Structure formats: C-alpha cells, structure tokens
Amino acid sequence: MTLLLIIVAIAVLALILVGVTVGLVGRRTKPAKAPVPPRSPSAPPTTVEPSPTAEPEAAAPSAHTIERPEATASRLVRLRQRLAGSNNALGRGLLALLSRERLDEDTWEGIEDVLLTSDIGVAPTQELVERLRTRLRVEGSADARTVLREELIALVDPTLDRRLQVSGTDGNPGVVLVVGVNGAGKTTTVGKVARILVAEDRRVVLGAADTFRAAAADQLATWGERVGVEVVRGPEGGDPASVAFDAVKEGADTAVDTVIVDTAGRLQNKQGLMDELGKVKRVIEKQAPVTEVLLVLDATTGQNGLIQARVFREAVDVTGIVLTKLDGSAKGGIVVQVQRELGVPVKLVGLGEGPDDLAPFSPEAFVDALLS
Ligand SMILES: Nc1nc2c(ncn2[C@@H]2O[C@H](COP(=O)(O)OP(=O)(O)OP(=O)(O)O)[C@@H](O)[C@H]2O)c(=O)[nH]1
Ligand SMILES: [Mg+2]
C-alpha cells in the first residue's frame with residue numbers, strides 16, 4: 001500500500017515537472033519583442049541637460065512598427081572602424097614618413113603635402129609641422145606615433161564643448177535648427193539626430209520647413225515614422241518660417257523635449273534665401289529660443305565648405321557643425337579648418353547613409369582612427 005502511494009506520488013511529481021517544462025518552452029517560443037539595445041553607462045553624453053527637473057515620460061512605442069535606434073556607445077565602435085577606413089591615407093602617409101630613419105627636408109615637405117591634401121589648411125599645417133619638428137628634435141627618443149597623436153589631438157582641440165543643446169528652459173522644448181547648402185545631408189541628419197534622441201528616451205517633434213518640394217517633407221516624414229516621431233509640415237511652397245513656428249508650437253503644446261527643424265538647401269551666395277533663414281530663426285523665437293543651430297557641411301567639398309560656413313554663420317548664429325560624408329572622404333582635416341575659422345565645434349560626424357551612421361565627434365577617437 002505504502003509502495004503504491006509512493007509510486008502515485010512520483011507519477012504526480014513527474015507530471016507536474018513535464019507540465020512546467022512545456023510551459024517554459026511554450027513561453028520561449030512566443031514572438032520576441034524587438035530587441036532593445038542596452039544603454040551603456042560608459043557612453044559619452046551627446047546632449048546637455050540644463051535643468052535637474054524630471055523629464056516627461058516617453059510615450060511607450062508599439063514594438064511592432066517602431067524601430068529602436070542603436071545606442072550611441074555601440075555606434076561609436078562601428079563608426080570608428082569606418083572612419084579609419086576612409087581617412088587612413090592621411091594617418092598612414094604621416095606615419096610612413098615619420099618612421100623614416102632620418103627626417104630630412106624632403107620628408108618634412110612630404111608631411112606638409114599629406115596634411116595639405118587632407119584639407120587641414122595652410123596655417124594649421126605649418127604649425128603642426130613646426131611643433132613636430134621641435135618635439136622630435138628635443139625629445140630625441142620620443143616615439144613619433146605618440147607625438148603625432150598628441151599634436152593632432154591638440155589641433156582638433158579636445159577642450160571644446162561638443163554636446164548638443166537639445167533641452168529648453170522655462171518649460172520650452174529645446175529647438176534645433178538645421179541649415180546648409182543643397183544636398184549637404186540636412187534631412188538625413190535631422191532623421192539621424194531624432195533617432196539618437198529617441199534612443200536616449202527623449203520625446204521629439206520634427207518640423208519640415210523645407211517647403212520647396214513636397215518630396216522633402218515626405219523624406220522627413222519617413223524618418224519620423226520609423227521611430228514614432230511626429231512630423232509637422234505645411235503646404236508645398238508655403239512660408240518656411242510659419243511651418244517652423246507651427247512645429248515648435250506643437251512641440252511646446254505637447255511638452256516634448258526637443259523640436260528639430262529641417263530647412264531647404266540654400267546657396268550661400270543667394271542673399272534672399274540667406275535672409276529667409278534669419279527670418280525662420282526670428283519667427284521660431286517668438287515661440288521659444290533656438291538652443292542649437294547646426295550647420296551641415298559635406299566633408300568632400302573642401303574649401304567650398306569653409307566659404308559656406310562663413311556666410312551661414314553671418315545669417316544665423318551657428319552653434320555646431322555636422323560634418324557629413326566623412327566615410328567617402330580622405331579630407332577629414334577640414335574638421336580643424338572649419339573649427340578655427342568659425343570658432344564653432346564639430347559636434348557630429350556622418351559616416352554613411354544608414355539610419356544610425358551618425359556619431360558624436362570625439363577628437364581622440366577621430367585621431368586614433370586616422371592613425372590606426
Ligand atoms: N555617404 C554618406 N552619404 C550621406 C551622409 N549624409 C547624407 N548622405 C547622403 O547625401 C544625400 C543627400 O542627403 P539629404 O539629407 O537629402 O541632403 P539635404 O541637405 O537635405 O538636401 P536638400 O534638402 O536637397 O538640400 C542622400 O543621398 C544621403 O543619403 C553621410 O554621412 N555619408
Ligand atoms: Mg533636405
């Protein structure tokens with residue numbers, strides 16, 4: 001009898017065990033939610049947070065239709081590799097020349113040529129060569145690579161504040177105005193920045209103030225839809241300042257963190273268009289202060305980019321540069337020139353056409369990529 005009871009007890013236990021196991025497996029095979037990349041605590045801050053007040057909670061996106069953008073830390077690793085790929089002609093050339101047995105006049109001329117071809121600019125090139133010559137002479141045994149790395153980082157200036165000003169004060173959203181010439185990568189950058197902010201759990205509204213073509217607003221709408229961000233648009237041919245105003249008003253009314261306003265490409269030598277840009281900014285500021293004006297420059301345009309930068313700075317107070325298409329350019333030296341000319345830091349770099357191919361600019365990572 002006792003034996004029978006034990007057998008029955010074992011059988012019941014076995015049944016319970018099987019049931020639990022099947023339940024677990026069943027649960028595991030249910031469709032998984034979209035993976036959420038972990039936010040690494042070591043990621044450098046991309047944005048400035050002026051007020052200690054609590055941010056409003058982000059609306060819970062539906063996992064089926066809305067993408068979760070890549071976190072900044074992991075994109076930095078990937079983008080560093082890409083940067084190394086596109087710019088290593090400069091770094092390799094310099095290292096090859098510096099590693100010669102004797103650094104004669106021909107070698108120094110070669111170094112100058114390599115620097116000039118990368119668009120660092122004449123004055124910074126001469127300064128850099130002078131400093132390298134002095135240091136290598138004085139610190140006879142110094143490793144050329146270490147000296148070159150230190151001097152390049154100093155040239156790119158690690159002291160500049162490169163965080164994006166994406167938060168407003170006094171209950172206003174932060175307002176980012178994005179400007180630049182045709183095809184520089186403005187709309188793409190607005191879409192990519194929105195993704196960075198969404199990845200940081202910020203609430204965003206986009207303003208399609210490029211009213212020249214309906215396709216421009218459609219392009220922005222596509223970026224917005226992918227990450228569940230509202231896009232405010234106006235009629236084709238409408239007043240861009242009025243669309244920008246509406247977008248910022250919508251952002252304020254719905255208490256989002258940041259409104260990013262895309263503008264039409266405009267040539268810097270068309271005075272009327274440049275005046276229009278000034279008006280867009282003034283009209284926005286009737287609603288809320290513009291916290292960041294990003295000038296988007298195509299890194300492959302070299303000296304021309306510098307001329308654009310000067311004119312745009314006069315029309316609107318540029319606070320940060322986005323250097324796009326650095327993936328297709330060996331002219332990364334433009335970073336140095338444009339910062340010097342404008343006194344405005346490069347804050348972001350575009351390294352491809354992919355949705356997360358935009359990274360915060362870091363002088364150390366940039367120079368390490370050059371010398372890798
Ligand atoms: N390789 C590469 N392509 C880029 C990058 N950024 C933008 N592009 C491409 O450049 C082209 C123009 O980008 P848009 O964002 O439409 O440029 P835009 O400044 O808004 O152009 P307009 O509105 O016509 O003035 C597109 O094909 C983008 O995919 C980048 O960092 N790398
Ligand atoms: Mg555009």
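These are my notebook entries on what I looked up in this predicted model.

**Entry 1: the chain as a whole**

I began with the overall make-up of the chain, and I found twelve helices together with eight strands. I then looked up burial, and of the 372 residues in the chain, 42% count as buried. For the contacts, I took those between residues at least 6 apart in sequence, and 78% of these join residues at least 24 apart.

**Entry 2: the surroundings of ligand 1**

Next I turned to ligand 1, which has 20 residues around it. I noted Gly185, Thr187, Thr188, Gly265 and Gly350 as the closest of them. I also asked myself which helix gives the most to this shell. Helix α6, which covers residues 186-199, does so, and its share is three residues. When I sorted the residues of the shell by character, I had eleven polar, six charged and three nonpolar ones.

**Entry 3: helices α3 and α4, and the loop between them**

Before comparing pairs of helices, I reminded myself that two packed helices are described by the angle between their axes and the distance between the axes. For α3 and α4, I recorded axes that come within 10 Å and cross at roughly 145 degrees, and the crossing is right-handed. From α3, the residues Trp108, Ile111, Glu112, Leu115 and Leu116 make the contact, and from α4 I listed Val122, Thr125, Leu128, Val129 and Arg133. By character, I noted seven nonpolar residues in this contact, with one polar and two charged.

I then looked at Gly121, which sits in the loop between α3 (105-117) and α4 (122-138). Is Gly121 buried or exposed? I found 20 other C-beta atoms within 10 Å of Gly121, and because 20 or more is the cut-off for burial, Gly121 counts as buried. Leaving out residues up to four places away in sequence, I noted that Gly121 touches Val336 and Gln337. Gly121 and Gln337 are 216 residues apart along the chain, yet I read a separation of 5.9 Å between their C-alpha atoms.

**Entry 4: helices α10 and α11**

Gln337 came up again when I examined helix α10 (residues 303-315) and α11, where Gln337 of α11 is part of the contact. The axes of α10 and α11 come within 10 Å and cross at roughly 30 degrees, and I therefore wrote down α10 as roughly parallel to α11. I also recorded that α10 passes α11 in a right-handed crossing. On the α10 side I listed Gly305, Leu306, Ala309, Arg310 and Arg313, and on the α11 side Ile334, Gln337, Val338, Glu341 and Leu342. These residues divide into five nonpolar, two polar and three charged.

**Entry 5: helices α8 and α9**

My third pair was helix α8 (residues 240-253) with helix α9 (residues 271-284), whose axes come within 8 Å and cross at roughly 30 degrees. I therefore noted α8 as roughly parallel to α9, and I wrote down their crossing as right-handed. The contact is made by Pro240, Ala241, Ala244, Phe245 and Val248 of α8, and by Glu276, Lys279, Val280, Val283 and Ile284 of α9. Sorting the residues of this contact, I counted eight as nonpolar and two as charged, with no polar residue.

I followed up Lys279, which lies in helix α9. I found 14 other C-beta atoms within 10 Å, so Lys279 is partly exposed. The C-alpha atoms of Lys279 and Val316 are separated by 9.3 Å, and I noted that these residues are 37 apart along the chain.

**Entry 6: positive phi values**

Finally, I looked up two residues for their backbone angles. Asp201 has a phi near 60 degrees, which I marked as a positive value in a residue other than glycine. I placed Asp201 in the loop between α6 and β2 (204-209). What does Asp201 count as, buried or exposed? Asp201 has 11 C-beta neighbours inside 10 Å, and so I entered it as exposed.

Lys325 is not a glycine either, and I read for it a positive phi of about 60 degrees. I found Lys325 in the loop between β6 (320-324) and α11 (334-342). Lys325 has 22 other C-beta atoms within 10 Å, and I therefore entered Lys325 as buried.

Conventions
Residues are numbered from 1 along each chain as its sequence is written. Chains are lettered from A and ligands numbered from 1 in the order in which they are written. This is a predicted model: local features need pLDDT of at least 70, side-chain atom pairs count only at pLDDT 80 or more; totals for chains, interfaces and linings use all residues. A residue is near a molecule or strand if its C-beta atom, placed from the backbone, lies within 6 Å of it. Helices (H or I, at least four residues) and strands (E, at least two) are DSSP runs, numbered from the N terminus. Ala, Val, Leu, Ile, Met, Phe, Trp, Tyr, Cys and Pro count as nonpolar, Asp, Glu, Lys and Arg as charged, and the others, Gly among them, as polar. Axes are lines fitted to C-alpha atoms, for helices over the stretch in contact, and angles run from 0 to 180 degrees between N-to-C directions. Angles under 35 degrees count as roughly parallel, over 145 as roughly antiparallel, 65 to 115 as roughly perpendicular and the rest as oblique. A crossing is left-handed if the near helix is turned anticlockwise from the far one by less than a right angle, and right-handed if clockwise. Two residues are in contact if their C-beta atoms, placed from the backbone, lie within 7 Å. A residue is buried if 20 or more other C-beta atoms lie within 10 Å of its own, exposed if 12 or fewer, and partly exposed in between; C-beta atoms are placed from the backbone.
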